[in-house]
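The following note is offered to a colleague as a set of numbered points. Each point takes up one topic and may be read beside the coordinates.

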Amino acid sequence: MAAPHFDLPAAKAAARAIVMSRRDACDPGVGAALARHVLTSIAIPPDAIIAGFWPMGREIDIRPLLDALLRR
């Protein structure tokens, strides 16, 4: 019996469409709330190496978190 056909490009396109619609629905202003949550919920060692990203479109803006970590 042969394995059923799986259309990987179509599955990836469908997954991307779902993720993009979720990202478009995000409120970029929740970055400050994210910063408060992370800073009060996670013990970040002083010597931790932190990486970030510049938000595109309506992605969550993590710059408030990065700024707060830099000030620490």
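**Notes on the predicted model**

1. The loop between α2 and α3 contains G57. This model is predicted, and the remarks below should be read in that light. With a relative accessible area of 72%, G57 is exposed, because a residue counts as exposed when that value is over 50%. G57 is separated from A11 by 46 residues in sequence, and the distance between their C-alpha atoms is 24 Å.

2. As to the overall architecture, the chain contains three helices and zero strands. Its order along the sequence is α-α-α. The chain is more spread out than a compact globule, because its radius of gyration is 18 Å, whereas the globule rule gives 11 Å for 72 residues. The C-alpha trace spans about 60 × 25 × 20 Å along the principal axes of the chain.

3. On burial and surface, 14% of the 72 residues of the chain count as buried. The exposed area of the chain is about 5900 Å², and 65% of that area is supplied by carbon and sulfur atoms.

4. On contacts, consider those in the chain with a separation of 6 or more: 65% of them are accounted for by residues 24 or more positions apart.

5. On charge, the chain carries 9 positive and 7 negative side chains. The centres of these two sets are 2 Å apart.

6. Helix α1 covers residues 8-24 and includes R16. R16 has a relative accessibility of 59% and therefore counts as exposed, the cut-off being over 50%. Between R16 and W54 there are 20 Å from C-alpha to C-alpha, and the two residues are 38 positions apart in sequence.

7. Which residues of α2 are buried? They are G31, A35 and V38. Viewed down the axis of α2, these buried residues fall within an arc of 70°, so they line one face of the helix. The face turned away from that buried side bears R36 and T40, both exposed.

8. Helix α3 comprises residues 63-71, and its buried residues are L65, A68 and L69. These residues lie on the same side of α3, because the arc they cover around the axis is only 100°. On the face of α3 turned away from its buried side are the exposed residues L70 and R71.

9. Against which helix do the buried residues of α2 pack? They pack against α3. In turn, α2, which spans 31-41, is included in what covers the buried residues of α3. The description of these two helices can thus be read together: G31, A35 and V38 are the buried residues in α2, while L65, A68 and L69 are those of α3.

How values were computed. Residues are numbered from 1 along each chain as its sequence is written. This is a predicted model: local features need pLDDT of at least 70, side-chain atom pairs count only at pLDDT 80 or more; totals for chains, interfaces and linings use all residues. Side-chain values use heavy atoms; hydrogens and water are left out. Helices (H or I, at least four residues) and strands (E, at least two) are DSSP runs, numbered from the N terminus. The radius of gyration is taken over C-alpha atoms; the globule rule is 2.2 Å times the number of residues to the power 0.38. Buried means under 20% relative accessible area, exposed over 50%, partly exposed in between (1.4 Å probe, protein chains only). Contact means heavy atoms within 4.5 Å. Accessible areas come from the Shrake-Rupley method with a 1.4 Å probe; for residues, only the protein chains shown count as cover. Lys and Arg count as positive and Asp and Glu as negative; His and the chain ends are not counted. The place of a charge is taken as NZ of Lys, CZ of Arg, CG of Asp or CD of Glu. The arc is that of the directions from the helix axis to the C-beta atoms.
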